[in-house]
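Visitor: I've got the model open and a list of awkward questions about the labels people put on it. Can you walk me through them?

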Amino acid sequence: MGVRITLDIIPEEIDDDEWESVYEETLLLLQEYDFMDEIVDEEKYDYKWSYTTRSKEREFASYDNRLGWYTFGDMTTMKSAEDFMLLRDLSYYDRFREESDCDDILISRINWQSQMSEEIQNLTVGKINVFDAKTQGYPYHMYILAIACLIESRFPQYAYVNGDVTKAQMKKSIEWVNSILKKPVNLTERANNEKLLKRLEKQLEGEYSKLQAFFELTINQEDKELGDFVRNHFTTAAVRKYYTAKMNSYEIGQIGFGNYLENYLELGFDLEMLCDICILDDDGCKYDAAAFVERVLKFINKNEKTKDGGVNLDINDADSEAPETIDSLFGKTFLKMSGLSNSVKIDISSEEAKKVFKKKLNHLCNLEEIYNEVVSSDDEVEINNEMLEMMEEMKNESQKQEYDIEDLDGLMLWEPGETIHPKVEKILTKIKDFVEDSVSKHDMIFEDYSKLDRMRLLMQNNRYFYLSKNTWEFIEKNIDKQYIYDRVWGLLIIKATNESINKTCKAILNNLKLFNHLWERNQE
């Protein structure tokens, strides 16, 4: 599980000069954010070591000395995940492209999916992957997304941004881009229903294929407005076929069925047609009528009585500007699997649903008994509301800030004079005490080591986290000061496999203001 951004292109369809022009624009964006690069050096100290520094264009030996840029995090927080690289030379990507009979990259997002129509699956697209890595929702996520959105905007038919990204994130990223570049960057055409459908109509003939593709590719919120667009541009037969196929993939008690039930009602589709799809149609799902009625009534009843607001449990909600994180993905997934749910906007009440069921399914189940049992049992609703309230309180509590630095992540940003939470101070004190104890027991005769040997010794012990170029320059500048050297060595020998210890040691050594704060009295 992870938070990912992908970018695919069709290199054959992109002009080399236009690509290089857009690449130059990415360099302008690179200058405006602290993207983090890793530089490996084997010459300066006659020893293989690495450091982090701000990303910029450079040659890459492993790519035949092609020019490009690379990043895997940001220098401000020193948070890092997986790597992203962009090369100036478009021909590098063209070497790996697939054969193609379709020139719209949208199709490459869906033609590999087995539930898609034969028409869609038979199309091939010569796309190549440029980005495909996890950001884990760290700060550089939004800025990598900004660069990906720039490329898609410049080549809308031949570039495609995907992953754990939302329409709101894209908008926010593009706002940043447009504050820097002269030529405006536009939001993906997948956010414009009319433009998206027109592109699909150029590639697909069958109405069902177009509907499948549209639902899969739109990044707009699943609501009545989106449902109205579908109803105005597609026949009822196509919609019925789509939901029959989707719901037929699940048993009525499975989460997948619940997801499509919610989607169907949020889009404002007719409950009578849902009865046909799930019960009455000869080629429908053929669910047990009583089980179906109970499941739908439970959902509607619970939704009616669930309080609005609170914590949003939807993963990658279209209106959310904040990227997901590993914690949020695990948390939301677990809570939804346990039955917790938000209130959603649907146009039908329990009483109205009862009338529909009486008209369509009364002869197949004991409707009155099911209805009375569902609406009279509020235990699940009460638990749901209590849990949502508790989560909202926890969220509000976590947002209260009594200290300038509330957690370990904040240590990288600490400035002299800022207050630190006592729990964080306690960890800092423990680390400092451990370092002092290690130094007191260390039998190294400082004068016996050359400057080169001292640097190598530190590099050998730098195993658990990255150090910035700035930190290594500080170490080199103070290589003759034993007091400073010993404290750096003491921090590096700590087995920082524990997350809290790792964050603390990394922050102390990369935020030199913090290092100096801990040991400032005795450095001279």
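Guide: Sure. This is a predicted model, and a good place to begin is Asp64, which is exposed with a relative accessible area of 58%.

Visitor: What makes Asp64 count as exposed?

Guide: The cut-off for exposed is over 50% relative accessible area. Asp64 has 58%, so it is exposed. Its place is in the loop between β4 and β5, and its phi is near 55°, a positive value in a residue other than glycine.

Visitor: And Asp46, why is that one called exposed?

Guide: Asp46 comes out at 59% relative accessibility, and the bar is over 50%, so it counts as exposed. Asp46 lies in the loop between β2 (36-41) and β3 (49-54). Its phi is positive, about 55°, although Asp46 is not a glycine.

Visitor: Back to β4. What sheet does β4 belong to, and which strands are at its edges?

Guide: An open sheet of three strands, in the order β4-β5-β6, with antiparallel pairing. The edge strands are β4 (58-60) and β6 (80-87), since each pairs on one side only. From one strand to the next, the twist averages 50°.

Visitor: How do you know that β4 and β5 really pair?

Guide: Two strands pair if there are at least two bridges between them. β4 and β5 (residues 66-73) have three bridges, in the antiparallel sense, so the pairing criterion is met. For one position to look at, the bridge partner of Arg58 is Gly68 in β5.

Visitor: What packs on that sheet?

Guide: Helix α1 (residues 16-30) does, touching β5 and β6, with its direction at about 40° to that of β5. Helix α4 also packs there and touches β5 and β6; its direction makes about 145° with that of β5.

Visitor: There's another sheet, β7-β1-β8. Why are β7 and β8 called edge strands?

Guide: That one is an open sheet of three strands with antiparallel pairing. β7 (128-134) and β8 (159-163) each have a single partner strand, so one side of each is left without a neighbour in the sheet. Ignoring direction, neighbouring strands are turned by 10° against each other on average. α4 packs on this sheet too, touching β1, β7 and β8, and its direction makes about 155° with that of β8.

Visitor: What makes β1 and β8 a pair?

Guide: The bar is at least two bridges, and β1 (residues 4-9) and β8 share five, in the antiparallel sense. One of the partners is Asn162 in β8, opposite Thr6.

Visitor: On to helices. Why are α12 and α14 called roughly antiparallel?

Guide: The axes of α12 (residues 289-305) and α14 (residues 350-361) come within 9 Å and cross at roughly 165°. Angles over 145 count as roughly antiparallel, so α12 and α14 are roughly antiparallel to each other. The crossing is right-handed. Residues making the contact include Phe292, Val296 and Ile300 of α12, and Ala353 and Phe357 of α14.

Visitor: Which residues touch the most other members of the largest nonpolar core?

Guide: Phe292 and Phe357, out of 162 residues in that core. Its largest share, nine residues, comes from α4 (residues 140-154). A second, separate core has six residues, among them Leu313, Leu340, Leu388 and Met391.

Visitor: What is Phe357 in contact with, beyond its neighbours within four places in sequence?

Guide: Its partners are Leu271, Cys275, Phe292, Val293, Val296, Leu297, Asn362 and Leu367.

Note on methods:
Residues numbered from 1 in each chain as written. Predicted model: local features only at pLDDT ≥ 70, side-chain atom pairs only at ≥ 80, totals over all residues. Heavy atoms only, no water. Core = buried A, V, L, I, M, F, W, Y, C linked by side-chain atoms within 4.5 Å. Buried < 20%, exposed > 50% of the residue type's maximum accessible area, 1.4 Å probe, protein only. Helix = DSSP H or I, 4+ residues; strand = E, 2+ residues; numbered from the N terminus. Contact = heavy atoms within 4.5 Å. Axes fitted to C-alpha atoms, helices over the stretch in contact; angles between N-to-C directions. Parallel < 35°, antiparallel > 145°, perpendicular 65-115°, else oblique. Left-handed = near helix turned anticlockwise from the far one by under 90°.
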